[in-house]
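Q: I'd like a close look at one part of this model, the place where a pair of helices packs together. Could you set the scene with the overall fold and then walk me through that packing?

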Number of protein chains: 2
Amino acid sequence: MRELFQQELHEVQDRLVAIAGLVVTSITDAVEAFNKSDVTLAESVIARDSIIDEAVNELDEHAIAILARQSPVARDLRIVVSALRISSSLERMGDMSEHLAQLARYRFPDKVVPKSIRPTFQEMGSLDVQLATMLVELLKTQDTALAEKIRDEDDKVDKLHLSVFETVLSEGWVQGAETTVDATLASRYLERFADHAVSIAKKMMYLSSGEWNPSES
Amino acid sequence: MRELFQQELHEVQDRLVAIAGLVVTSITDAVEAFNKSDVTLAESVIARDSIIDEAVNELDEHAIAILARQSPVARDLRIVVSALRISSSLERMGDMSEHLAQLARYRFPDKVVPKSIRPTFQEMGSLDVQLATMLVELLKTQDTALAEKIRDEDDKVDKLHLSVFETVLSEGWVQGAETTVDATLASRYLERFADHAVSIAKKMMYLSSGEWNPSES
């Protein structure tokens with residue numbers, strides 16, 4: 001019985017890692033679709049989103065079934081509660097990838113943002129891919145040192161996000177409203193993606209510390 | 001013992017209702033601050049957000065303590081799991097109110113959006129206030145008929161959100177990039193606020209049906 005229970009808990013973690021892996025693929029493809037205006041890749045991201053949503057629902061049902069049948073306590077309970085929380089952040093990260101891919105598809109065959117600002121978006125995109133990759137590692141290893149790295153990367157994304165606004169609001173910005181709207185939304189999606197990664201890292205801290213609201217240090 | 005448990009479950013629901021009440025105040029004030037360019041009101045919304053966050057954390061801790069000590073099953077378990085899920089949506093609704101208030105504060109003493117598009121934002125804001133008010137009622141009464149009304153109101157918000165983009169991308173839009181960015185973000189915040197209300201309504205359906213992922217009908 002106890003062994004079965006441990007196996008079920010492992011399955012929770014394996015499922016989280018698998019979903020995070022899908023999110024890595026989605027953000028990688030979404031960023032490439034956005035940068036290169038690749039409509040086929042954009043569509044594959046959009047199609048993948050329902051797979052992520054389904055995997056999240058199955059994980060949630062599995063976690064709730066464990067709560068109902070096994071009545072876990074202490075660290076075991078924290079694993080299950082964390083999983084429920086982390087899954088919803090992963091689901092949102094999938095949504096952000098999808099939104100980015102949708103922008104690429106709408107503007108195809110044009111690129112979404114003009115050349116002058118493209119390097120900033122490439123850098124944000126590449127940071128988001130790194131963040132997602134670190135998350136997989138964090139979920140696998142529960143190495144909380146990774147949580148700090150994730151926060152550092154998020155700081156970089158935040159700075160780039162602000163720099164997008166500086167560019168868009170500068171005198172040198174001669175783009176029309178459509179491009180301004182697209183750049184605003186794309187930057188917001190990339191920034192929110194990184195926020196969710198930080199939020200997951202915090203939830204992993206809870207898992208190891210037992211403190212629900214670890215300080216923001 | 002059983003009586004104490006029921007009391008604790010009631011407390012979960014009372015706390016949710018209380019947090020939803022804070023969200024009603026926040027969105028009401030944020031919408032008024034945005035419409036009337038009222039910086040004092042905007043600042044009160046921004047200050048209130050940490051109160052909402054704290055109330056959410058306390059509720060979460062309370063819910064997790066119940067899981068650990070009482071090992072609830074069936075409907076009792078669903079109440080606790082739903083509460084954990086609903087609280088994070090309420091927290092995000094508070095964030096959206098705060099973001100809207102921040103826009104009002106940044107642009108003070110100017111209004112955030114130009115006169116031509118202000119009625120659309122007023123309508124979206126007023127729908128968001130109604131949605132939040134319905135949520136309080138839904139959390140209090142668990143009357144699932146309200147869940148359908150919430151979906152209908154959200155459809156209206158989505159249509160207005162699209163109409164903002166139509167206006168911004170039309171030839172008649174002669175605003176600079178700053179106003180375009182602000183209108184894009186404000187509309188997104190108001191739309192996301194409504195999405196979270198729908199998401200909470202779905203979680204309440206789970207509470208009554210026991211199905212984690214009720215169909216989207």
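Before we get there, what percentage of the 217 residues in chain A is buried?

A: Keep in mind that this is a predicted model. Buried residues account for 45% of the 217 in chain A. The chain has 6 helices and 0 strands, so from the N terminus on you just read α-α-α-α-α-α. Its radius of gyration is 19 Å, close to the 17 Å from the globule rule for 217 residues, so chain A is as compact as a globular protein of that length. The C-alpha atoms take up a box of roughly 65 × 35 × 20 Å along the principal axes. Of the contacts in chain A with a separation of 6 or more, 83% link residues 24 or more positions apart.

Now for the close look, over in chain B. Here helix α4 (residues 118-141) meets helix α6 (residues 177-209), with axes that come within 10 Å and cross at roughly 20°. An angle under 35 degrees counts as roughly parallel, and α4(B) and α6(B) are therefore roughly parallel to each other. The crossing of α4(B) past α6(B) is left-handed. On the α4(B) side, the contact uses B:Phe121, B:Met124, B:Gly125, B:Leu127, B:Asp128, B:Leu131, B:Ala132, B:Leu135 and B:Leu138. Facing them from α6(B) are B:Ala186, B:Leu190, B:Phe193, B:Ala194, B:Ala197, B:Ile200, B:Ala201 and B:Met204. Sort the residues of this contact by type and you get 15 nonpolar, 1 polar and 1 charged.

Terms used:
Residues are numbered from 1 along each chain as its sequence is written. Chains are lettered from A and ligands numbered from 1 in the order in which they are written. This is a predicted model: local features need pLDDT of at least 70, side-chain atom pairs count only at pLDDT 80 or more; totals for chains, interfaces and linings use all residues. Helices (H or I, at least four residues) and strands (E, at least two) are DSSP runs, numbered from the N terminus. The radius of gyration is taken over C-alpha atoms; the globule rule is 2.2 Å times the number of residues to the power 0.38. A residue is buried if 20 or more other C-beta atoms lie within 10 Å of its own, exposed if 12 or fewer, and partly exposed in between; C-beta atoms are placed from the backbone. Two residues are in contact if their C-beta atoms, placed from the backbone, lie within 7 Å. Axes are lines fitted to C-alpha atoms, for helices over the stretch in contact, and angles run from 0 to 180 degrees between N-to-C directions. Angles under 35 degrees count as roughly parallel, over 145 as roughly antiparallel, 65 to 115 as roughly perpendicular and the rest as oblique. A crossing is left-handed if the near helix is turned anticlockwise from the far one by less than a right angle, and right-handed if clockwise. Ala, Val, Leu, Ile, Met, Phe, Trp, Tyr, Cys and Pro count as nonpolar, Asp, Glu, Lys and Arg as charged, and the others, Gly among them, as polar.
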